[in-house]
Amino acid sequence: MSQPLASLRSRLEELLHSLESGRHPGRARLEETLTDGYAWALKLDAECERLERSIGTLAAELDPGSSEQQAKELSHTARRLARAKGDLAALRGLLAALRSEAAEAKVA
């Protein structure tokens, strides 16, 4: 996970904890953080699509005479896709929880 994404997740978790504890962080701060989160989700979704296309291309190029390097590149790309999908799922979960808590607290 990149440092900017880790920082965003930390901000989302902090806001979620505040709401769950009955402290209201303020509408502007909440909306700004949610907007940042949704922007990151779109970025990760696009990255997943790009990696999926890349995997398809790499797989189509493999044949019995392919080099070990090509297989390693395919494996590396597949691992990057798995990480990106995991990051995206975690981020979407945090965003949904925060949006729900904010709605319950009538902050947003």
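The following paragraphs lead the reader through the helices of this structure, the salt bridges between them and the largest pocket.

The structure is a predicted model, in which local features need pLDDT of at least 70 and side-chain atom pairs count only at pLDDT 80 or more, while totals for chains, interfaces and linings use all residues. Residues are numbered from 1 along each chain as its sequence is written, and side-chain values use heavy atoms, with hydrogens and water left out.

We begin with the helices. Helices here are DSSP runs of H or I with at least four residues, just as strands are runs of E with at least two, and both are numbered from the N terminus. Helix 1 covers residues 3-20 and helix 2 covers residues 27-61, whereas helix 3 covers residues 68-105. The length of each helix can be compared with an expected span, defined as 1.5 Å times one less than its number of residues. For helix 1, with 18 residues, the expected span is 26 Å, and its end C-alpha atoms lie 25 Å apart, in agreement. Helix 2 has 35 residues and should span 51 Å, which agrees with the 51 Å between its end C-alpha atoms. For the 38 residues of helix 3, an expected 56 Å agrees with the 55 Å found between the end C-alpha atoms.

Next comes the question of what each helix hides from the surface. A residue is called buried under 20% relative accessible area, exposed over 50%, and partly exposed in between, with a 1.4 Å probe and protein chains only. In helix 1 the buried residues include Leu-5, Leu-8, Leu-12, Leu-15 and Leu-19, together with Arg-9. An α-helix has 3.6 residues a turn, so residues three or four places apart point the same way. The buried residues of helix 1 pack against helix 2 and helix 3, where contact means heavy atoms within 4.5 Å. Helix 2 buries, among others, Leu-30, Trp-40, Leu-44, Cys-48 and Ile-55, and its buried residues pack against helix 1 and helix 3. In helix 3, the buried residues include Leu-74, Leu-81, Ala-84, Asp-87 and Leu-98; what covers the buried residues of this helix includes helix 1 and helix 2.

Some residues outside the helices also deserve attention. Helix 1 is followed by Gly-22, which has a positive phi near 90°. Gly-26 belongs to the loop between helix 1 and helix 2 and is partly exposed, at a relative accessible area of 29%. Between Gly-26 and Leu-15 there are 9.7 Å from C-alpha to C-alpha, and the two are eleven residues apart in sequence. Just after helix 3, Lys-106 likewise takes a positive phi, of about 60°.

The helices are also joined through charged side chains. A salt bridge is a side-chain nitrogen of Lys or Arg within 4 Å of a carboxyl oxygen of Asp or Glu, and the count by this rule is eight. One of them joins Arg-11 and Asp-36, at 2.7 Å from N to O. Arg-11 lies in helix 1 and Asp-36 in helix 2, so this salt bridge ties together parts 25 residues apart in sequence. Arg-11 is partly exposed at 30% relative accessible area, and Asp-36 is partly exposed at 27%.

Two further salt bridges connect helix 2 with helix 3. The side chains of Arg-92 and Asp-45 meet at 3.8 Å, N to O. Because Arg-92 is in helix 3 and Asp-45 in helix 2, this pair ties together parts that are 47 residues apart in sequence. Arg-92 is partly exposed, with a relative accessibility of 44%, and Asp-45 is partly exposed at 28%. Glu-47 and Arg-80 form a salt bridge at 3.2 Å, N to O, which links distant parts of the chain, Glu-47 in helix 2 and Arg-80 in helix 3, 33 residues apart. Glu-47 and Arg-80 also belong with Arg-50 to a network of salt bridges.

The last feature is the largest pocket. A pocket is an open set of points, on a 1 Å grid over the protein atoms alone, where a 1.4 Å probe fits, with protein on both sides within 12 Å along at least five of seven lines; its lining residues have an atom within 4 Å of a point. Twelve residues line the largest pocket, and Ser-2, Leu-44, Glu-47, Ala-84 and Asp-87 lie nearest its centre. Helix 2 and helix 3 are the elements that give two or more residues to this lining, and helix 2 gives the most, with five residues.
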